[in-house]
Amino acid sequence: MSRVLVAEDDVAILRGIADNLAFERHEVVTASDGATAYRLAREARPDVIVLDLVLPGISGYDVCRRLRAEGVTTPIIMVTARGEEADRILGLDIGADDYMTKPFAIRELLARVRAMLRRARASAAAPDVLAFDDVMVDFRGHEVRRAGRPVDVTRKEMALLRYFAAHPGEALRRDQMLEEVWGYAADVTTRTVDNHVALLRAKLEQDPRHPRHIATVHGIGYKWLP
């Protein structure tokens with residue numbers, strides 16, 4: 001059974017989300033203020049956090065920022081009544097994995113929670129350390145080195161690389177990678193996958209124009225070759 005933390009100060013919304021998650025057989029813990037959300041995120045060890053942006057006391061932004069600064073990697077779906085692009089980008093930049101704007105369909109939220117759980121399981125299947133050619137990837141430490149020198153990679157590039165490592169030799173569809181790595185974010189397309197693959201190849205492949213490890217599967221997507 002998966003455990004989901006829901007942090008929401010609107011009692012009716014909180015109850016509705018919690019009841020529906022419980023109906024899908026998730027264990028649900030709830031918080032109606034930022035301090036409680038922060039404490040439960042560390043103590044209850046949830047598998048997914050549904051985090052409202054505007055909470056009494058500590059904002060959802062600050063809860064997310066603190067957790068990520070402490071190395072907490074629990075997937076976070078940030079929920080807010082704000083729809084401005086700047087708010088959404090800020091939430092993703094400080095470490096949220098997905099973003100929903102109120103009002104939203106509860107079925108969509110449940111689908112996003114399921115996607116987060118699948119991504120977490122795939123991440124758990126990946127090795128802690130990946131080594132190939134002159135590259136060493138430490139997933140736990142979020143560190144990549146090439147020929148002993150650090151390589152700057154983003155959180156999403158690392159997540160994509162970890163997804164590849166969890167599925168060696170499998171032909172992975174672009175839409176599959178979008179769902180499992182990016183979730184249901186509205187601002188991503190299959191070109192997003194292609195762009196991130198191109199960046200990883202440039203940073204890690206010995207010859208990005210003729211990649212040996214992130215291979216293109218024409219008409220489908222990509223394949224990781226150890």
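In this predicted model, the side chains of Asp 52 and Lys 102 are joined by a polar contact of 3.2 Å. Asp 52 belongs to strand S3. Its relative accessible area is 3%, so Asp 52 counts as buried, a label that applies under 20%. Once residues up to four places away in sequence are set aside, Asp 52 touches Ala 7, Glu 8, Asp 9, Gly 60, Val 79, Thr 80 and Lys 102. Lys 102 therefore turns up twice in the surroundings of this buried aspartate: as a partner in the polar contact and as a member of the list of touching residues.

Lys 102 also leads to a feature of the backbone. The peptide bond that runs from Lys 102 to Pro 103 is cis, and its omega lies near -5°. Pro 103 sits in the loop that links strand S5 (98-101) with helix H5 (106-125).

Another residue touched by Asp 52, Ala 7, opens the way to the pairing of strands. Strand S1 covers residues 3-7 and strand S2 covers residues 27-31; the two pair in the parallel sense, with five bridges between them. Ala 7 has Ala 31 as its bridge partner in S2. How are S1 and S2 arranged together with helix H1? With H1 spanning residues 11-23, the three elements make a β-α-β unit that is right-handed.

Two loop residues stand out for their backbone angles. Arg 45 is not a glycine, yet its phi is positive, near 55°. This arginine lies in the loop between helix H2 (34-43) and strand S3 (48-52), the strand in which Asp 52 is also found. Is Arg 45 buried or exposed? Its relative accessibility is 67%, and because the cut-off for exposed is over 50%, Arg 45 counts as exposed. His 142 is likewise a residue other than glycine with a positive phi, here about 50°. The loop that holds His 142 runs between strand S7 (135-138) and strand S8 (143-146). At 37% relative accessibility, His 142 falls between the cut-offs of 20% and 50%, so this histidine counts as partly exposed.

Strand S7 brings the description to the interior. Val 137 is found in this strand, and its relative accessible area is 0%, which means that Val 137 is buried. Leaving out residues up to four places away in sequence, Val 137 touches Asp 128, Val 129, Leu 130, Phe 132, Glu 143, Val 144, Met 158 and Leu 161. Ile 220 lies 83 residues from Val 137 along the chain, and the C-alpha atoms of these two residues are separated by 26 Å.

Which residues have the most contacts inside the largest nonpolar core? They are Val 137 and Phe 164, in a core of 28 residues. Two or more residues of this core come from each of the following elements: strand S6 (129-132), S7, helix H6 (155-166), helix H7 (174-182), helix H8 (190-204) and strand S12 (221-224). H6 gives the most, namely seven residues. Phe 164, apart from its neighbours within four places in sequence, is in contact with Leu 172, Met 177, Val 197, Ile 214, Tyr 222 and Trp 224. A second core, separate from this one, has 24 residues, including Ala 31, Tyr 38, Leu 40 and Ile 94. Ala 31 thus links back to the strands described above, where this alanine is the bridge partner of Ala 7.

Methods:
Residues numbered from 1 in each chain as written. Predicted model: local features only at pLDDT ≥ 70, side-chain atom pairs only at ≥ 80, totals over all residues. Heavy atoms only, no water. Helix = DSSP H or I, 4+ residues; strand = E, 2+ residues; numbered from the N terminus. Buried < 20%, exposed > 50% of the residue type's maximum accessible area, 1.4 Å probe, protein only. Contact = heavy atoms within 4.5 Å. Right-handed = clockwise from strand over helix to strand, strands pointing away. Polar contact = N/O pair within 3.5 Å; in protein donor to acceptor, adjacent residues only side chain to side chain. Core = buried A, V, L, I, M, F, W, Y, C linked by side-chain atoms within 4.5 Å.
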